[in-house]
Amino acid sequence: QIESRGKIVALIAEGCSAVTEAIAEISKHLQLIQFSFLSSSPALRDRRKFSLYNQIKPSENGLNFLRIDLMKRFEWKHAVIIYEDAEIFRLSAQNLAELMKKNNIERELFFVSGQEFSSNIEEVLTKVKESKFRIIFALFYANTAQKLVCKAYQMMMPSSRYVWIFPGWYHYFSD
């Protein structure tokens, strides 16, 4: 928190986007400015909803332009996007799919539900394994990504046939 004359005037937000969003919804009613260095949900860019929130890190949508550049650099024409059913990943996955479409990159989009993760992820990975897609954008929280990688390993998918691309911020939350 940042204080001026004994009164709190600003907050430095949590690194988790879901927590940051909840605090940002409350902080506007208290007239508290909020800053975040790690939260990256595209939803936090909504100035009507989060008028006093300031995001220092680019949103996940901003990183999608880099993902497209990577696809172009290596002349990859097909990719699959697998994402956890959470707002931060859903918005980013939809934006990435739109950018792929504009850039004539064939894509497939799958979401994985947390409640049915085990059966759902195996079904999704089976579809990917049976398809022509070898570039996989995996948009998940770190703990779910670990389960995904374990399942992919069990299914013999982390071989040189696949390129797995995960968010780059997992190291902020490791033990």
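Me: Which residues does Y53 touch, not counting residues up to four places away in sequence?

Reply: With that exclusion, Y53 touches T20, A24, Q34, S36, S39, L44 and R47, where contact means heavy atoms within 4.5 Å. This is a predicted model, in which local features need pLDDT of at least 70, side-chain atom pairs count only at pLDDT 80 or more, and totals for chains, interfaces and linings use all residues. Residues are numbered from 1 along each chain as its sequence is written, while side-chain values use heavy atoms, with hydrogens and water left out.

Me: Is Y53 buried or exposed, and what makes it so?

Reply: Y53 has a relative accessibility of 2%, and buried means under 20% relative accessible area, exposed over 50% and partly exposed in between (1.4 Å probe, protein chains only), so Y53 counts as buried.

Me: Where does Y53 sit, and which residue is its bridge partner?

Reply: Y53 belongs to strand β4, a strand being a DSSP run of E with at least two residues and a helix a run of H or I with at least four, both numbered from the N terminus. The bridge partner of Y53 is Q34, and the C-alpha atoms of these two residues, which stand 19 residues apart along the chain, are separated by 4.7 Å.

Me: Why are β3 and β4 said to pair, and in which sense do they run?

Reply: Three bridges join β3 to β4, and two strands pair if DSSP finds at least two bridges between them, so the criterion is met; the two strands run parallel. In β3, Q34 and S36 form the covered face, whereas I33 and F35 form the uncovered one.

Me: What makes the contact between E25 and K49 a salt bridge?

Reply: The N to O distance for E25 and K49 is 3.8 Å, and the definition asks for a side-chain nitrogen of Lys or Arg within 4 Å of a carboxyl oxygen of Asp or Glu, so the pair qualifies. E25 lies in helix α1 (residues 17-27) and K49 in the loop between β3 (33-36) and β4 (53-55), so this salt bridge ties together parts that are 24 residues apart in sequence. E25, at 35%, and K49, at 34%, are each partly exposed.

Me: How are E123 and K127 placed relative to each other, and how many salt bridges does the structure hold?

Reply: E123 and K127 are four residues apart in helix α4 (residues 117-130), and therefore separated by about one helical turn; their side chains meet in a salt bridge at 3.5 Å, N to O. The structure holds six salt bridges, among them D46 with R48 at 3.8 Å, where R48 is exposed at 75% and D46 partly exposed at 27%.

Me: How do you know that α2 and α3 cross, and in which hand?

Reply: The axes of α2 (residues 60-73) and α3 (residues 87-102) come within 9 Å and cross at roughly 35°, where axes are lines fitted to C-alpha atoms, for helices over the stretch in contact, and angles run from 0 to 180 degrees between N-to-C directions. The crossing is right-handed, meaning that the near helix is turned clockwise from the far one by less than a right angle, anticlockwise being left-handed.

Me: Why is the sheet with β5 and β7 called parallel?

Reply: Its four strands have the order β6-β5-β7-β8 with parallel pairing, and β5 (residues 78-84) and β7 (residues 135-139) pair in that sense over four bridges, including the one between I82 and A138.
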